[in-house]
Amino acid sequence: MSFLRNILKPSNLKSKTQFSVSSSTFYNSHFPSKYCTSASVTYHAGLQPTKPEEKPRVVVLGSGWAGCRLMKEIDTKIYDIVCVSPRNHMVFTPLLASTCVGTLEFRSVAEPIGRIQPAISSEPGSYYFLANCTSVDTKEHEVHCETVTNGAQSLDPWKFKISYDKLIVASGAEASTFGINGVHEHAIFLREVHHAQEIRRKLLLNLMLSDIPGVSEKEKQRLLHCVVVGGGPTGVEFSGELSDFIMRDVRQRYAHVKNYVHVTLIEANEILSSFDDRLRHYAVKQLTKTGVRLVRGIVKDVQPDKLILSDGSEVPYGLLVWSTGVGPSPFVKNLEVEKSPGGRIGIDDWLRVPSVQDVYAIGDCAGFLESTGKPVLPALAQVAERQGKYLAKSLNRLGKAGGGRANSAADIDLGEPFVYKHLGSMATIGRYKALVDIRQSKDAKGLSLKGFPSWFIWRSAYLTRVLSWRNRLYVAINWLTTFLFGRDISRI
């Protein structure tokens, strides 16, 4: 194509190593595939610093609970928004376990960023970029990004820079493996929609393979042994959903192998350690009643078909789901800023990164510095969501006071500091039963509910928390069809 050859001539480039483009032509002009496959030179495109006649630019790194809540609440009449994230949607994580067994469909828990903040799709200065942030230059007020690629046949990674007036780091955390060998290679995490899809495909594949003539009894037992490592809310909810799936659907539709299907939940200490003792005992009783085997132990090694516990015992598995909490991502670890206990980005009472100008951190990647006297908050959706809402209001107030530009907010009052009050915890354990623990802290007094009333509260609360009416309708219809006709067991 002649026009591509003309573009690629060195004489038509401002520089052999770097060029700049206006934001309105960024995607239209600089992502043709033949142009991006140069093996010898990497070209950097980007968004330049905002001009006086333009709105200040807020760059948000991440599309989780914190980042999406901030984008939803921020005033787009004051700011342009640029979101950089490897996914173009927010995942409603409390319902993610339900998608693994067909109780809900995957699109029911995914909310597109363009629906959360329509300005990203319609405003000329607001964008969503499918990319990862690789580094931050706080002196130049720039973030360095690299596009996300998908497989060997896709475009080569494209590196570019974005100038910001305010930077919000909401990149989340990654699953903790505690350095255990084989976890990344053989276990499946439960944090993203593609994780749930992988779990569902593997589960249904094992069910069908075990029904093939000639498969030994020992291999059937291994294939149909589902092991969950981690006794927190995610691990318990997935175990409950899985046991419910086995009791209600597998026993009817896979009658030949129904007696081979088992679920084991492995936890080093007590399951649901943050819940009231009475609720924990109830959860243990109900999970055991529905066929979940509870094992207290520490995983020492993970192999392709079995895991080894610290006492030397072996646990064969066909499906291994890892849910042992989260820790700082490599991106957060490499940021040259002061860290909080646990390795998160250190923030002050107003969610600012105090060592640099115009940088804020919220969600699972952020934690209060020791100098604030506040503890590091737990990695919960309600923490991230309220931090995002608080920071959006602070930035709106800052923008109205003339502090939206880079290096312009030093003398402006930031208002009241962020204060977190825990609203309580909920977890479903399958078979129309759940736990509701409404207390400020583990040692405080409060309301604790269990059984069917808690299950009804759990479903009602999360249905109202789903972000859009479209997804609320999806969720309600999925629940109704599952109740009437059972779960979908198609392997797609």
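I take buried to mean under 20% relative accessible area. By that cut-off F92, with a relative accessible area of 5%, is buried. I keep in mind throughout that this is a predicted model.

**Entry 1: the chain as a whole**

I looked up the overall make-up before going further into single residues. The secondary structure of the protein chain comes to 16 helices and 25 strands. Of its 492 residues, 51% are buried. I noted an accessible surface of about 23,500 Å², with 53% of that area belonging to carbon and sulfur atoms. For contacts with a separation of 6 or more, I found that 67% are between residues 24 or more positions apart.

**Entry 2: aromatic pairs**

I then went through the rings. A pair of aromatic rings is described by the distance of the centres and the angle of the planes. The count comes to eight aromatic pairs. In one of them, F92 and Y462 have ring centres 6.0 Å apart and planes at 85°, so I list the pair as edge-to-face. F92 sits in the loop between strand 4 (89-91) and helix 5 (96-99), while Y462 belongs to helix 15 (residues 452-465), so this pair ties together parts that are 370 residues apart in sequence. Y462 is buried, at a relative accessible area of 16%.

I also checked Y127 and F129, which form a stacked aromatic pair, 5.4 Å centre to centre with 20° between the planes. Y127 counts as buried at 11% relative accessibility, and F129 is buried at 0%.

Which residues do ring pairs link into a cluster with F92? I found W65, W458 and Y462 linked with F92 in this way.

**Entry 3: helix 4**

W65 led me to helix 4 (residues 65-73), where W65 is one of the buried residues. The helix is mostly covered, with seven of its nine residues buried. I wrote down the others on that list as A66, G67, C68, R69, L70 and M71.

**Entry 4: T290**

Is T290 buried or exposed? T290 has a relative accessible area of 12%, so I enter it as buried. I located T290 in the loop between helix 12 (277-289) and strand 14 (292-296). Its side chain reaches the backbone oxygen of L287 at 3.0 Å. Leaving out residues up to four places away in sequence, T290 touches S243, M247 and R431.

**Entry 5: a surface patch**

Last, I looked at the outside. L480, F483, L484 and F485 make a nonpolar surface patch of about 480 Å². F483 lies in helix 16 (residues 469-485). Exposed means over 50% relative accessible area, and F483 counts as exposed because its relative accessibility is 54%.

Definitions and conventions: Residues numbered from 1 in each chain as written. Predicted model: local features only at pLDDT ≥ 70, side-chain atom pairs only at ≥ 80, totals over all residues. Heavy atoms only, no water. Patch = residues over 30% accessible without salt bridge, like charges linked within 9 Å, V, L, I, M, F, W, Y side chains within 5 Å. Areas by Shrake-Rupley, 256 points an atom, 1.4 Å probe, with all protein chains shown as cover. Salt bridge = Lys/Arg side-chain N within 4 Å of Asp/Glu carboxyl O. Helix = DSSP H or I, 4+ residues; strand = E, 2+ residues; numbered from the N terminus. Buried < 20%, exposed > 50% of the residue type's maximum accessible area, 1.4 Å probe, protein only. Polar contact = N/O pair within 3.5 Å; in protein donor to acceptor, adjacent residues only side chain to side chain. Contact = heavy atoms within 4.5 Å. Phe/Tyr/Trp six-rings, centres within 6.5 Å; stacked < 30°, edge-to-face > 60°.
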